[in-house]
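Got your viewer open? Keep the mouse handy, and let's take a short walk through this model together.

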Amino acid sequence: VVYGFLNVAEYFTGFITYWIPFYFVFKLAFVIWLMLPSTRGAEQLYNKGLKTMVNRMTNTSAAAVKTPGAPKTNSTTPASTAAAAPAATNLKSE
């Protein structure tokens, strides 16, 4: 997710970064920092900044997919639970 975000940002700012001296050296150092297990840079960057943005986009897209006026279904109705119990028992015994 972090590397993808970096690539998208670089795509839109490519004409500016072309003029920055040593840009690719700094980018290489940044990507190494992201990937090193000792620094856990990608995890830090994701948790501090990108996580809220990704969650916001996920919630927005999930809300757009739902059909307005569609009846709500309950996946834990007694009939479905009763039908699923024998199947789960068969899986446990194998």
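We'll visit one helix, then a couple of charged pairs. Keep in mind as you click around that this is a predicted model.

**Stop 1: helix α1.** Select residues 2–12, which make up helix α1. Which residues of α1 are buried? Colour Val2, Leu6 and Glu10, because those are the buried ones. Now turn the view until you look straight down the axis of α1: the buried residues fall within an arc of 70 degrees, so they line one face of the helix. Here's the idea behind that: an α-helix has 3.6 residues a turn, so residues three or four places apart point the same way.

**Stop 2: the other face.** Next, pick Tyr11 and Phe12. These two are exposed, and they sit on the face of α1 turned away from its buried side.

**Stop 3: a buried pair.** Go back to Glu10 and add Lys27 to your selection. The two form a salt bridge, with their closest N and O atoms 2.6 Å apart. This pair links distant parts of the chain: Glu10 belongs to α1, while Lys27 is 17 residues away in helix α3 (residues 23–35). Are these partners buried or exposed? Lys27 and Glu10 are both buried.

**Stop 4: the other salt bridge.** The structure holds two salt bridges, so select Arg40 and Glu43 to see a pair whose closest N and O atoms are 2.8 Å apart. Arg40 has 48% relative accessibility, so it counts as partly exposed. Glu43, at 40%, also counts as partly exposed.

Terms used:
Residues are numbered from 1 along each chain as its sequence is written. This is a predicted model: local features need pLDDT of at least 70, side-chain atom pairs count only at pLDDT 80 or more; totals for chains, interfaces and linings use all residues. Side-chain values use heavy atoms; hydrogens and water are left out. A salt bridge is a side-chain nitrogen of Lys or Arg within 4 Å of a carboxyl oxygen of Asp or Glu. Helices (H or I, at least four residues) and strands (E, at least two) are DSSP runs, numbered from the N terminus. Buried means under 20% relative accessible area, exposed over 50%, partly exposed in between (1.4 Å probe, protein chains only). The arc is that of the directions from the helix axis to the C-beta atoms.
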